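Visitor: Could you take me through one part of this model up close? I'd like to hear about the helices and what packs against them.

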2 protein chains.
Amino acid sequence: MRLQLKIAYDGTRFGGWQIQPNAVTIQQEIEAALHTVAKTPIRLHGSGRTDAGVHALGQVAHFDSPDTVNMNPFNWVPALNSKLPPEIRIIECSEQSPDFHARFCARSKTYSYRLCLSPILPPFLAHRAWHLPRQLNPDDLREALAQFQGTHDFRAFAANRGNEDESTDYHRTITKADLSVLNDGYLLQFTGNGFLYKMVRLLTGAAVQVAQGYLRHDDLSDLIDNPGQKKSPLCAPPDGLSLVEVNY
Amino acid sequence: MRLQLKIAYDGTRFGGWQIQPNAVTIQQEIEAALHTVAKTPIRLHGSGRTDAGVHALGQVAHFDSPDTVNMNPFNWVPALNSKLPPEIRIIECSEQSPDFHARFCARSKTYSYRLCLSPILPPFLAHRAWHLPRQLNPDDLREALAQFQGTHDFRAFAANRGNEDESTDYHRTITKADLSVLNDGYLLQFTGNGFLYKMVRLLTGAAVQVAQGYLRHDDLSDLIDNPGQKKSPLCAPPDGLSLVEVNY
């Protein structure tokens, strides 16, 4: 039976989603919990990676429950949560058709990025926001975000993974890039049909540079519409980033 | 020059306020930062201890700045914060008269205790709330809190420190014990002229037991007004507790 998990996590002390040597990862923790519950190794397929220190409110993943486990999807939630650290919580478990795939069936994703402008970053926001004690111009921030909307060649906002070549397609469509006002800063929101490696952090870094007066709107337009070999200069730290939702 | 610090911290990964062997504590971290800034050892005096895992929004402490340090009180804030981990923040620094003492001059303290009733504790509340997925009766909770108000012999709500004797005075005055409603639970608030060891956690545990139907209001009254050798049976975990404010 193919099952879909919706997962929330505080990524602070993890080395990101994907299993790798020398770091404890979210995927590794959940696969260990699946192994314990099912008494057999189970591979978990996420909708995509999140980097070290990045959080999630609604990451999605799927796995195939072996026939030897006769358990209602609903009951996987407490069974897994009882094996997981409190920083990782399974929020939902539901049955899907056998051809459902958490990564390949995803139609869009929504990320949020939290900026804190307080002179002093409160301890409860440590590792959960980008601390920017200098003033930002909110109109410039909003305008920069609006510039990202639409379908563009986002190669200037993609970190290299090392496997890029001539055929790599950097076009993505951002359907929403805006902000809401918090009492101590802003919450940026990005929805798109796909995001390149570190793209949300590079978009956020560029928008902040515009709002701080370090980058002109014209230069931002140039990076979006005529990137060439140029790269956007500032990558926001992972702390403020959360994967909010994956849409199918 | 006697200086007063107002301090916020996320106590999750610390062994409480007070310096002790085999644990990293808040006092130790701030004294180390003071030592680095002042280039000489400085003793920091807190308004009182907080236990391992307990948080603070407004802990208060004082120290004497040596004559060799010629620094405006205002400038201690960034100087110390640059040496401290992000889970500990100095919020304010102000000059006090030489006879000010953070502990002996405190007139009252306010604590909050966060209860989360969601079926699943969100990761961002891990270590920051007491997870109570069973329903509570809010009227019973409110009524139990009201019973604590006033001056009582709170010996039933004091954990033993080992230094108690016949002369120990367990009378304390609670001027406020109530709750506000959050979207996923309740925030209890306690203000009093002093609190015994683990008293807020023991009061919270008893109020929750009343609200869950495990303890009758009459039995709670008995613990408050006629304690004898009886002890309240449930101590709430440190996770949900924060020292909000110390009043002078």
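Guide: Here is a walk around one helix of chain B and its two helix partners, followed by a look at a helix of chain A and at the contact between the chains. Keep in mind that this is a predicted model.

Let's start with α3 of chain B, residues 138-148, and its packing on α4 of chain B, residues 199-211. The two axes sit 8 Å apart, and the angle between them is about 140 degrees. An angle over 145 degrees would count as roughly antiparallel, so α3(B) and α4(B) are described as oblique to each other. Their crossing is right-handed. On the α3(B) side, the contact is built from B:Asp140, B:Leu141, B:Ala144, B:Leu145 and B:Phe148. Facing them from α4(B) are B:Leu203, B:Ala206, B:Ala207, B:Val210 and B:Ala211. Sort those residues by class and you get nine nonpolar, no polar and one charged.

Now the other partner of α3(B). Helix α5 of chain B, residues 217-225, has its axis within 10 Å of the α3(B) axis, and the two cross at roughly 20 degrees. That angle is why α3(B) counts as roughly parallel to α5(B). This crossing is right-handed too. Here B:Glu143, B:Ala144, B:Gln147 and B:Phe148 of α3(B) meet B:His217, B:Leu220, B:Ser221 and B:Ile224 of α5(B). By class, that contact has four nonpolar, three polar and one charged residues. B:Ala144 and B:Phe148 turn up in the contact with α4(B) and again in the one with α5(B).

Over in chain A, helix α4 covers residues 199-211. Its 13 residues reach 18 Å from first C-alpha to last, close to the 18 Å expected. Of those 13 residues, 12 are buried, so α4(A) is largely enclosed by the rest of the structure. The buried ones include A:Met199, A:Arg201, A:Leu203, A:Ala207 and A:Val210. Among the elements covering them are the strands β5, β9 and β10 and the helices α3 and α5, which belong to chain A as well. After the helix comes A:Gly213, with a positive phi near 85 degrees.

Finally, the place where the chains touch. Chain B and chain A each put 15 residues into the contact. On the chain B side, β1 (2-9) and β4 (88-96) are the elements that give two or more residues, and β4(B) has the largest share, three residues. The chain B side divides into 11 nonpolar, one polar and three charged residues.

Notes: Residues numbered from 1 in each chain as written. Chains lettered and ligands numbered in written order. Predicted model: local features only at pLDDT ≥ 70, side-chain atom pairs only at ≥ 80, totals over all residues. Axes fitted to C-alpha atoms, helices over the stretch in contact; angles between N-to-C directions. Helix = DSSP H or I, 4+ residues; strand = E, 2+ residues; numbered from the N terminus. Parallel < 35°, antiparallel > 145°, perpendicular 65-115°, else oblique. Left-handed = near helix turned anticlockwise from the far one by under 90°. Contact = placed C-beta atoms within 7 Å. Nonpolar A, V, L, I, M, F, W, Y, C, P; charged D, E, K, R; others polar. Expected span 1.5 Å × (residues − 1). Buried ≥ 20, exposed ≤ 12 C-beta atoms within 10 Å, placed from the backbone.
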